[in-house]
Amino acid sequence: MGLTVLVVLLCALAVPPLLLARGDGAGVGAAGAAPDGTGGDGGGEEGLPAAHAPEALRGEPMVGAPGPAGLRAAGDAMLARAERMERMERRRIAAVRTWGVRMPPLRPPAPPEKRTSLVTEPGHISGEGLPPVITRVPTEDRVVFLTIDDGAEKDPKLLEMTRELEIPYTSFLSDHVARNDYDYFRRMRADGNGIHNHSINHREMPKLSRAEQKREICRQQDVLEKEIGERPTMFRPPYGAYDRTTLEVAAECGVEVVPLWAEEAFADRMEWGRGDRKFHPGDIILTHFRGPDEWKGTMPDMIRLVLDTATEQGFALARLEDYI
């Protein structure tokens, strides 16, 4: 019933205004007045002077106006779309119960039409030609961004849970732990999630020579382009450690931004970067591909904690690549 009412309303909105004017006792003008201000006594249909009456009101078809068949087709399409959206939402609500999430996650707003222009945040190294270093995306949208590092644990339930709940995230992979199953990450990419660079061997960049840093970053760019089918534009240095050389060689390898993080998520707790222990719009959340061997829980436990915390605070998880 609700869908039918919605479609009827949408169809009504789709009818050209001049067609809706017929039969309401008023011409095309304010408060029933004719366009010439005569009050509707000029002799045309519905009070319009004949010379001013639109074609549609003189019994001739209006150019571009949909006929009954067109309106029926538009209504059917709207009804089909509304039914499809309702089915998707029912599946999502069912997934909330299946995965033990306390509340349905909030839907993010539509992505911005224009990506945000980024600058390096205070306290980080910056300079001409260097990729900006950020811990959050400058936005007023109540969204946060989940990012997962390294690729060691390849829990199939992570893919299943995030797909069913429609949760976006971005991964930063190190080849030395990801290389034994790039198919896992190709499935992740097929779900619409971003895959980016976390170096070949997860070494601390400032302890390496320039040549070693370039090899760590550029080689992983090449590996991911081959394995995933897309060359990354983002690089996260292992441990968040970097120096000017890191940024210089990252730029040479095609890196456009270096996202660090504002919070870190585990299976059993959140670690906050601010004293208020709250998300702020645009925050980047760090977590890792881990399992019970190293965590007090699983990857789905971590997702559940992040979702419940974000929803309670009025935030949705959004796709990082839609903003930067």
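Colleague: What is the relative accessible area of Arg-269?

Modeller: This is a predicted model in which residues are numbered from 1 along each chain as its sequence is written, local features need pLDDT of at least 70, and side-chain atom pairs count only at pLDDT 80 or more. Totals for chains, interfaces and linings use all residues, while side-chain values use heavy atoms, with hydrogens and water left out. On relative accessible area, buried means under 20%, exposed over 50%, and partly exposed in between (1.4 Å probe, protein chains only). Arg-269 counts as partly exposed because its relative accessible area is 36%.

Colleague: Which residue forms a salt bridge with Arg-269?

Modeller: A salt bridge needs a side-chain nitrogen of Lys or Arg within 4 Å of a carboxyl oxygen of Asp or Glu. For Arg-269 the closest N and O atoms are 3.2 Å apart. The partner is partly exposed, with a relative accessible area of 36%. That partner is Glu-271.

Colleague: Where does the salt-bridge partner of Arg-274 lie?

Modeller: Arg-274 pairs with Glu-263, the closest N and O atoms being 3.3 Å apart. The two are 11 residues apart and link distant parts of the chain, with Arg-274 in the loop between β7 and β8 (284–288). Helices (H or I, at least four residues) and strands (E, at least two) are DSSP runs, numbered from the N terminus. Glu-263 is in strand β6 (residues 263–265).

Colleague: Is Glu-263 buried or exposed?

Modeller: Arg-274, at 26% relative accessibility, counts as partly exposed. Glu-263 has a relative accessibility of 1%, so it counts as buried.

Colleague: How many salt bridges does the structure hold?

Modeller: Side chains of opposite charge can pair when their charged atoms come close. One pair here is Arg-319 with Asp-322, at 3.2 Å from N to O. Arg-210, Lys-214, Glu-248 and Glu-252 are linked in a network. The structure's salt bridges number 23.

Colleague: Which parts does the disulfide of Cys-218 and Cys-253 tie together?

Modeller: A disulfide is a pair of cysteine sulfur atoms within 2.5 Å, and a search of the whole structure finds 1. It joins Cys-218 to Cys-253 with S to S at 1.6 Å, and the link is left-handed, with -80° about the S-S bond. Cys-218 and Cys-253 are 35 residues apart in sequence, so the pair ties together helix α7 and the loop between α8 (244–252) and β5 (258–259).

Colleague: Which element gives the largest share of the largest nonpolar core?

Modeller: A nonpolar core is a set of buried Ala, Val, Leu, Ile, Met, Phe, Trp, Tyr and Cys residues joined through side-chain atoms within 4.5 Å. The largest has 39 residues, and those with the most contacts inside it are Leu-146, Leu-165, Phe-185, Met-188 and Phe-289. Elements giving two or more residues include α3 (68–98), β2 (143–150) and α9 (299–312). The largest share, 6 residues, comes from α9.

Colleague: How many residues are in the second, separate core?

Modeller: This core includes Leu-130, Met-205, Ile-217 and Leu-247. Its residues number 15.

Colleague: What separates the C-alpha atoms of Phe-185 and Ile-195?

Modeller: Phe-185 is found in helix α6 and is buried, with a relative accessible area of 0%. Contact means heavy atoms within 4.5 Å; leaving aside residues up to four places away in sequence, Phe-185 touches several residues, among them Leu-173, Ile-195 and Phe-289. Phe-185 and Ile-195 are 10 residues apart along the chain, and their C-alpha atoms are separated by 7.8 Å.
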